[in-house]
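Trainee: I would like to take a close look at a single part of this protein, and I would be glad if you could walk me through it slowly.

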Amino acid sequence: MKQYDPNKVSVTVAGFVLTGFGEDTFIKGSRNSDKRNTHVSAKGEVTFSKSADDTGEVTFILKHNSPGNAMLKRLYNSDDEFQFACVDANIDGDIGIAGSRCVVKTLPDFERGAEVGEVEWNLLVADYDHAFITDF
């Protein structure tokens, strides 16, 4: 098994490579709904249905002094859509999540303390894509 290196995980928002992530989990992404569902009739006949909902949400954690915070606030204030991508090059063929139509959901809570704090940002993604590009 290969060694994991967090430096091989890159996050790009609107062409800007984010830096200054939090200490532990720094990115998480998920679809808003299941891609496929089942319908079972009274007689046990199964039909699969495919959802047209490709939306998702991405959350990432930055230190409160990360330069990415100012850029994300500008994106929030602009109301413009932007692209997002996260690529994990730890695995041959890369694994990642992406979207070409994203907006910042809301401004993060403001909090300061004795140490460097963390800020949680949430993106809404209209065309969430969770790509596993590996050889089987």
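Which element gives the largest share of the lining of the second largest pocket?

Mentor: Please keep in mind from the start that this is a predicted model. The element you are asking about is helix 1, which provides 3 residues and with them the largest share of the lining of the second largest pocket. Helix 1 covers 68-78, and it is joined by strand 9, at 118-125, among the elements that give two or more residues to this lining. The pocket itself has a volume of about 200 Å³, and if you go along the sequence you will find His-64, Asn-69, Ala-70 and Lys-73 in its lining, followed later by Leu-107, Pro-108, Asp-109, Phe-110, Glu-111 and Arg-112, and then by Val-119 and Trp-121. Sorted by class, these lining residues comprise 6 that are nonpolar, 2 that are polar and 4 that are charged.

If you now follow the chain onward from helix 1, you come to the loop between helix 1 and strand 7, where Asp-79 is found. The phi angle of Asp-79 is near 65°, which is a positive value in a residue other than glycine. With a relative accessible area of 65%, Asp-79 lies over the 50% cut-off and therefore counts as exposed.

Strand 7 then leads us to the other pocket to look at, because strand 7 (82-88) is one of the elements that give two or more residues to the lining of the largest pocket, together with strand 3 (27-31), strand 8 (95-104) and strand 10 (129-132). About 250 Å³ of space lies in this largest pocket, and 16 residues line it, of which Val-9, Ile-27, Cys-86, Asp-88 and Ile-95 are the closest to its centre. The lining of the largest pocket divides into 10 nonpolar, 4 polar and 2 charged residues.

Finally, two details elsewhere in the chain deserve your attention. Ala-14, in the loop between strand 1 (9-13) and strand 2 (16-17), has a phi angle near 55°, again a positive value in a residue other than glycine, and at 42% relative accessibility Ala-14 counts as partly exposed. There is also 1 aromatic pair in the count, formed by Phe-21 and Phe-26, whose ring centres are 4.6 Å apart and whose planes stand at 40°, so the pair is tilted. Both Phe-21 and Phe-26 are buried.

Notes
Residues are numbered from 1 along each chain as its sequence is written. This is a predicted model: local features need pLDDT of at least 70, side-chain atom pairs count only at pLDDT 80 or more; totals for chains, interfaces and linings use all residues. Side-chain values use heavy atoms; hydrogens and water are left out. On a 1 Å grid over the protein atoms alone, a cavity is a set of points where a 1.4 Å probe fits but cannot get out, and a pocket is an open set with protein on both sides within 12 Å along at least five of seven lines; lining residues have an atom within 4 Å of a point. Grid points are joined across faces, edges and corners, and a volume is the space filled by probe spheres set on the points. Helices (H or I, at least four residues) and strands (E, at least two) are DSSP runs, numbered from the N terminus. Ala, Val, Leu, Ile, Met, Phe, Trp, Tyr, Cys and Pro count as nonpolar, Asp, Glu, Lys and Arg as charged, and the others, Gly among them, as polar. Rings of Phe, Tyr and Trp (its six-membered ring) pair if their centres lie within 6.5 Å; planes under 30 degrees apart count as stacked, over 60 as edge-to-face and the rest as tilted. Buried means under 20% relative accessible area, exposed over 50%, partly exposed in between (1.4 Å probe, protein chains only).
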